[in-house]
Amino acid sequence: MEPVEIAAGKYQLRPWTVRDLDVAREIVTDPLTWRWMPPPPDPPPAHRTDPEAWLSRRIGFWEEGKHAAFALMDAVTGEVYADISVQHIDLAYRTADVGYWVRPHARRRGIAVHGVNAVSRWAFGALGLHRIALFHAAPNEASCAVARRAGFALEGVMRDAFPDRAGVFTDEHVHARLATDPPLPE
């Protein structure tokens, strides 16, 4: 899969580059970002603790053809606010998942919703996907709000599907959008 850029109004989505190392440093040390990720094995993989390994992995995803990782940035200043990813891409079944995180200073501004909508429009159009799922730990109310505002219908709850940082399992919500759903907001 060839890396692409997506113009999205006041934001631009582009593939991650080595210029983004400072953002990667912030992400691997942000406890709230990692709170909602499954705990890593012991010892944790390098991409969980080393900013260069994290960034290298994001850049390499495109070559694998199963994951498109975008840096969402301000279209004027170039400041990176978030990572928005289309992952687990299966072109045969025309499905994928969407995932995201937002830098601490940019949270609660609608950035994740804007990014999820932009990559979903791209994935439905350019990749020809039919279904995009969004999963989040049920207690993660901010992610649930992103899913709802981005038009991802709550389809169900997977019981005890998400291990938290302490290894305690909690429920996980499943949301999804279909290519045949009403158009996404711009």
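**Rings and strands: worked exercises**

In this predicted model, the charged end of R109 sits over the ring of Y81, at 5.0 Å from the ring centre. Let's start from that tyrosine.

**Exercise 1.** Work out how the rings of Y11 and Y81 are arranged, and which parts of the chain they tie together.

*Solution.* Begin with the overall tally: the count comes to five aromatic pairs. For Y11 and Y81, the ring centres are 6.2 Å apart and the planes make 85 degrees, so call this pair edge-to-face. Next, place them: Y11 belongs to strand β2 (residues 11-15) and Y81 to strand β4 (residues 80-90), so the pair links parts 70 residues apart in sequence. Finally, check the burial: Y11 and Y81 are both buried.

**Exercise 2.** Classify the pair W62 and F70, then decide whether each residue is buried or exposed.

*Solution.* Take the geometry: centres 5.2 Å apart, planes at 85 degrees, so W62 and F70 are edge-to-face. Now the accessibility, where buried means under 20%. W62 has 2%, so it's buried; F70 has 0%, so it's buried too. One last step: W62 and F70 form one aromatic cluster with W122.

**Exercise 3.** Find the edge strands of the sheet, then look at how β6 meets β8.

*Solution.* Write down the order: the open sheet has eight strands, β1-β2-β3-β4-β5-β6-β8-β7, with mixed pairing. β1 (6-8) and β7 (153-163) each have a single partner strand, so they are the edges, with one side lacking a neighbour in the sheet. Moving inward, β6 (residues 131-137) and β8 (residues 169-178) run antiparallel, joined by seven bridges. For a landmark, A137 stands opposite E172 in β8.

Note on methods
Residues numbered from 1 in each chain as written. Predicted model: local features only at pLDDT ≥ 70, side-chain atom pairs only at ≥ 80, totals over all residues. Heavy atoms only, no water. Phe/Tyr/Trp six-rings, centres within 6.5 Å; stacked < 30°, edge-to-face > 60°. Helix = DSSP H or I, 4+ residues; strand = E, 2+ residues; numbered from the N terminus. Buried < 20%, exposed > 50% of the residue type's maximum accessible area, 1.4 Å probe, protein only. Lys NZ or Arg CZ within 6 Å of the ring centre and 35° of its normal. Pairing = 2+ DSSP bridges.
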